[in-house]
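Me: I've got a model open and would like to talk it through, one question at a time. Ready to go?

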Amino acid sequence: MRGTVQGVGFRPAVFRAAAACGASGTVRNGGSQVVIETDRPDELMAALMSDLPPLARIESVEREDVPYDGPSGFSIIHSDGSGTGASIPADSAVCDRCVREMFSPGRRHMYPFTTCTDCGPRYSLLRGIPYDRPLTSMDSFTICPECVREFSDPGDRRFHHQTICCPACGPSYRLLDAGGSPVEGDPIETLAHALDGGCLAVVKGWGGMHICCTLDRLPHLREWYRRGQKPFAVMVRDMDALRRYAEPTPEEEARLLSPDRPIVLVRKIPSEAMEAASPGLDNVGMFLPYTGMHHVLFDHLGADALVMTSANAPGEPMVIDDAEALALGVDYYLLHNQPIINRSDDSVVRMLGDRTQYIRRSRGAIPYHIPIGFRGDAVALGPQENMTGSVASKGRIWPTQHIGNGEGIGVPEFLEEAVRAQMRFVGCEPAIVAEDLHPGYANRRIARRIAEEHGAEIMDVQHHWAHAAALMAENGIDRCICLTLDGTGHGDDGTAWGGEVLDSSFEGYGRVAHLETIPLLGGEKALRDIRRLRFAIDTINGSENSDFTDSEAAILKKMMGGSVRTSSFGRFLDALSYSLGACSVRSYDGEPAMRLEPLLARGRHVDGISAENDGGTIRFISMFQRIGGCSPEDFAYTAVESVMEELVGAAAERAESEGIREVGLTGGVSYNAPIARMFVDMVKSRELVPVLHRQVPNGDGGVSVGQAAIALRKIQ
Ligand SMILES: [Zn+2]
Ligand SMILES: [Zn+2]
């Protein structure tokens with residue numbers, strides 16, 4: 001049997017099924033699969049299927065009929081060797097039964113490492129497969145006689161639980177003060193009181209560490225962290241507490257409670273605290289406790305919410321080593337003595353109706369794979385921002401966890417480590433290593449290194465084509481007319497792309513339409529100082545612009561001819577956001593567009609503002625002359641609607657002439673809910689099929705999946 005059948009209590013479930021139907025035989029992990037030998041296959045399968053462990057996913061069952069000649073009785077055989085290609089289990093929030101046990105009298109009363117075969121960390125503590133204790137970071141903890149008894153009892157829910165432990169034999173927390181000295185008393189209880197008293201703390205969890213404080217200390221945290229406007233996520237005690245701060249939809253509630261416990265963007269109830277968490281936005285990222293420590297912490301805490309953010313130095317990967325954590329300079333450190341093997345930041349999702357859109361796919365939702373119809377092995381290193389890598393082998397593409405932005409110290413190293421770990425897990429011997437077309441990206445060195453080691457070919461893949469290919473791979477289609485809308489990507493003509501309609505297959509693509517280009521005055525500077533985008537637009541329109549002094553304006557005017565030009569949809573939104581007073585300067589990636597979203601959500605269509613398709617170039621610049629004639633909300637809505645109308649129109653025309661039904665939407669802009677909804681309505685009204693993401697991140701976190709799919713197609 002193949003699927004997610006390791007680390008999920010699968011072999012114990014087989015054992016119980018065998019006992020229930022009186023079957024003899026054995027069950028063992030065979031690396032990528034579970035192998036059962038039995039004298040009563042039909043009865044055993046029926047019993048097993050009627051009572052599968054909650055985390056198990058069966059993908060395929062192969063059956064071989066040979067006479068059974070083993071002993072009578074049923075047993076679990078210890079794993080033999082290290083197979084590859086297994087579905088490696090993901091971390092899964094502590095289950096209700098374990099939470100109840102933690103808050104009841106008994107051995108595991110208030111024990112923060114309480115887990116069972118249905119729950120607990122998996123991937124984050126895994127060194128290799130098969131998933132057995134010696135290949136996890138639990139290998140250094142010797143299991144006590146009581147735990148041995150539970151582990152060996154087929155009736156116990158910790159029967160063969162690989163990471164079984166208790167206060168007598170398992171890991172433990174300790175609390176250190178600002179100077180790194182141990183603090184007296186119960187570590188979690190003491191910390192809870194300190195947090196209520198207003199301290200900043202680092203807490204070590206499953207796949208990494210968080211910096212946390214109570215909501216009223218948020219201004220202090222922002223100052224200390226030098227994080228001006230960027231949103232912070234908030235962990236709440238429970239769903240009742242969450243509803244005091246936000247209004248989740250039923251789909252969002254289901255997602256908040258799912259075993260992967262992602263951070264979910266939910267509509268906030270306006271308040272000072274929520275405005276401080278995500279300034280200028282309608283939504284805020286919230287999540288529920290998922291480790292035993294979180295539950296114990298909230299039990300002792302007076303506050304019902306904590307700001308929780310990945311502990312790192314700005315731009316660097318999340319800290320997983322105790323020594324590095326102690327250098328962060330907070331008031332208290334809650335650390336434990338179990339090493340973190342695979343760094344996993346919290347996953348972040350946004351729901352579009354019942355559809356999950358991954359902003360960041362990591363803890364709880366990795367590893368995962370996308371089945372693809374191409375054989376062969378390939379590796380893809382992704383783009384520069386929101387990096388992931390992907391490893392392809394045996395008809396599957398395995399993306400890594402979220403890595404970070406390539407300019408950050410230590411980030412390329414983390415990418416290489418994660419890609420190599422994934423290559424080991426799935427046994428990948430790449431024939432092609434794919435990378436972004438952009439000549440300046442940090443991960444190209446890694447691509448070269450891996451290619452040399454394996455005698456593989458290097459393949460450059462255009463950024464937006466890779467986005468489109470990721471969307472196609474995920475949706476199991478091999479051609480699609482795709483709107484790929486994002487901040488920037490290196491175009492094949494040397495300009496910066498980002499507002500593209502591509503007729504895309506895995507073999508190639510054609511540029512059907514794109515936004516008209518605007519010059520980025522001063523290059524990178526125009527990304528932060530978004531007044532420059534409006535200045536360029538006004539200059540093209542021959543309009544007055546009073547944002548700069550005369551001498552500044554003279555310098556900017558001289559730059560008009562020589563600056564790199566971009567067709568980016570993200571820059572169009574930035575200019576709009578600035579012009580409508582939603583954002584004056586970009587202090588974090590995506591901020592102007594995110595702050596524009598509340599306006600988009602409230603606006604209505606007005607007449608007299610429209611973009612136009614000029615032979616495949618979507619002209620929008622002249623619309624800016626009409627700002628002021630209606631409310632900012634209505635202008636935002638109508639300007640974006642008219643540009644989308646032209647892009648979808650161009651895509652639909654190509655789709656119809658080629659006899660294709662699918663029109664796709666991908667790229668970071670597609671996280672914007674009003675834009676995604678407009679797209680779906682516009683495509684459906686043309687009786688075509690809208691194609692969107694559900695598993696692979698819409699943004700640059702999905703690019704490596706597309707690169708891998710394109711590389712595999714080339715190998716064929
Ligand atoms: Zn459990
Ligand atoms: Zn024990």
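Me: Is C119 buried or exposed, and what is its relative accessible area?
Reply: This is a predicted model, so keep in mind that everything here is computed from it. Buried means under 20% relative accessible area. C119 falls in that class and is buried, its relative accessible area being 0%.

Me: Which residues are the protein donors of the zinc ion (ligand 1)?
Reply: The donor atoms are SG atoms, lying 2.3 to 2.4 Å from the zinc ion (ligand 1). Along the sequence, the donor residues are spaced C-x2-C-x17-C-x2-C. One of them, C116, is buried with a relative accessible area of 0%. The full set is C95, C98, C116 and C119.

Me: What is the geometry at the site of the zinc ion (ligand 1)?
Reply: Four donors count as tetrahedral if all angles lie between 85 and 135 degrees. Here the 4 donor atoms give angles of 104 to 115°. For reference, the ideal angle for four tetrahedral donors is 109.5 degrees. So the zinc ion (ligand 1) has a site that is tetrahedral.

Me: And the zinc ion (ligand 2): what spacing do its donors follow along the chain?
Reply: The protein donors are C144, C147, C166 and C169, each through SG, at 2.2 to 2.4 Å from the zinc ion (ligand 2). C166 and C169 are both buried. The arrangement is tetrahedral because the 4 donor atoms subtend angles of 102 to 115°. Along the chain the spacing reads C-x2-C-x18-C-x2-C.

Me: Which residue meets R63 in a salt bridge at 2.9 Å, N to O?
Reply: R63 also forms a salt bridge with D65, where the closest N and O atoms are 3.4 Å apart, and D65 is exposed at a relative accessible area of 64%. The 2.9 Å contact is a salt bridge between the side chains of R63 and D42. That pair links distant parts of the chain, 21 residues apart, with R63 in the loop between β4 (57-60) and β5 (74-76) and its partner in helix α2 (residues 41-49). The partner is exposed, with a relative accessible area of 51%, and its name is D42.

Me: Why are E591 and R595 separated by about one helical turn?
Reply: Their side chains meet in a salt bridge, 2.9 Å from N to O, and both E591 and R595 are buried. The turn follows from their spacing in helix α19 (residues 591-602), because E591 and R595 are 4 residues apart.

Me: How many salt bridges does a search of the whole structure find?
Reply: Some share partners: E101, R107, R108, E146, R149, E150, R157 and R158 are joined that way into one network. The search of the whole structure comes to 45 salt bridges.

Me: Which residues does A273 touch, leaving out those up to four places away in sequence?
Reply: A273 sits in helix α9 (residues 272-277) and is partly exposed, with a relative accessible area of 24%. Its C-alpha atom is 30 Å from that of R174, 99 residues away along the chain. The residues it touches are L215 and L218.

Me: What radius of gyration does the protein chain have?
Reply: The chain has 22 helices and 31 strands, and 61% of its 716 residues count as buried. Its C-alpha trace spans about 85 × 60 × 45 Å along the principal axes. A compact globule with 716 residues would come in near 27 Å, and the protein chain agrees, at 27 Å.

Terms used. Residues are numbered from 1 along each chain as its sequence is written. Chains are lettered from A and ligands numbered from 1 in the order in which they are written. This is a predicted model: local features need pLDDT of at least 70, side-chain atom pairs count only at pLDDT 80 or more; totals for chains, interfaces and linings use all residues. Side-chain values use heavy atoms; hydrogens and water are left out. Donors are N, O and S atoms within 2.8 Å of the metal (3.2 Å for Na, K and Ca); water is not among the atoms, so sites may look incomplete. Four donors count as tetrahedral if all angles lie between 85 and 135 degrees; four count as square planar and six as octahedral if opposite donors are over 155 degrees apart and all others between 65 and 115; anything else is irregular. Buried means under 20% relative accessible area, exposed over 50%, partly exposed in between (1.4 Å probe, protein chains only). A salt bridge is a side-chain nitrogen of Lys or Arg within 4 Å of a carboxyl oxygen of Asp or Glu. Helices (H or I, at least four residues) and strands (E, at least two) are DSSP runs, numbered from the N terminus. Contact means heavy atoms within 4.5 Å. The radius of gyration is taken over C-alpha atoms; the globule rule is 2.2 Å times the number of residues to the power 0.38.
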